[in-house]
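Okay, thanks everyone, I'll keep this short. Let me put the chain up on the screen and then walk you through a few spots.

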Amino acid sequence: MTEENTNEQAEQTITINDTVYPVSELSDESKELLSLHEQATQMAIQAKRQATIHDLSIENLVGRIEKSVEAVEAEAVEG
């Protein structure tokens, strides 16, 4: 009984239109498409993270530009 439960828990499935399909029973083409879907999903998540990092970098650079320009203006006024 334990082996059956373990096998049932380990079996990967995909649900399409409320129907559950064991991945092991899919055609090779369907398995490849599923693999591509998973890879594309991970790439999209990574791209979103990268975009967030870029946005934060831009915000930081804007702040540094503002401080730099303000420092030059302050020196001009003092000088």
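Before I get to the loop, a word on terms: helices and strands here are DSSP runs, H or I of at least four residues for a helix and E of at least two for a strand, numbered from the N terminus. And keep in mind that this is a predicted model.

With that, the chain has 2 helices and 2 strands, and starting at the N terminus the order is α-β-β-α.

So what sits between β1 and β2? Asp18 is in that loop, and Asn17 is there too, with β1 covering 13-16 and β2 covering 19-22. Now look at the backbone. Most residues other than glycine have a negative phi. Asn17, though, has a positive phi of about 50 degrees, and it's not a glycine. Asp18 isn't one either, and its phi is also positive, near 65 degrees.

Are these two buried or exposed? Exposed means over 50% relative accessible area. Asn17 comes in at 73%, so it counts as exposed, and Asp18 is exposed as well, at 78%.

Okay, on to helix α2, residues 28-78, where you'll find Ile65. Ile65 is exposed, at 53% relative accessible area. Together with Leu61 and Val69, Ile65 makes a nonpolar surface patch of about 280 Å².

Last, the whole chain. Of its 79 residues, 5% are buried. The exposed area is about 7300 Å², and 53% of that comes from carbon and sulfur atoms.

That's my tour, happy to rotate the view if anyone wants another look.

Methods:
Residues are numbered from 1 along each chain as its sequence is written. This is a predicted model: local features need pLDDT of at least 70, side-chain atom pairs count only at pLDDT 80 or more; totals for chains, interfaces and linings use all residues. Side-chain values use heavy atoms; hydrogens and water are left out. Patches are made of residues with over 30% relative accessible area and no salt bridge: like charges are joined within 9 Å, nonpolar side chains (Val, Leu, Ile, Met, Phe, Trp, Tyr) within 5 Å. Accessible areas come from the Shrake-Rupley method with a 1.4 Å probe; for residues, only the protein chains shown count as cover. A salt bridge is a side-chain nitrogen of Lys or Arg within 4 Å of a carboxyl oxygen of Asp or Glu. Buried means under 20% relative accessible area, exposed over 50%, partly exposed in between (1.4 Å probe, protein chains only).
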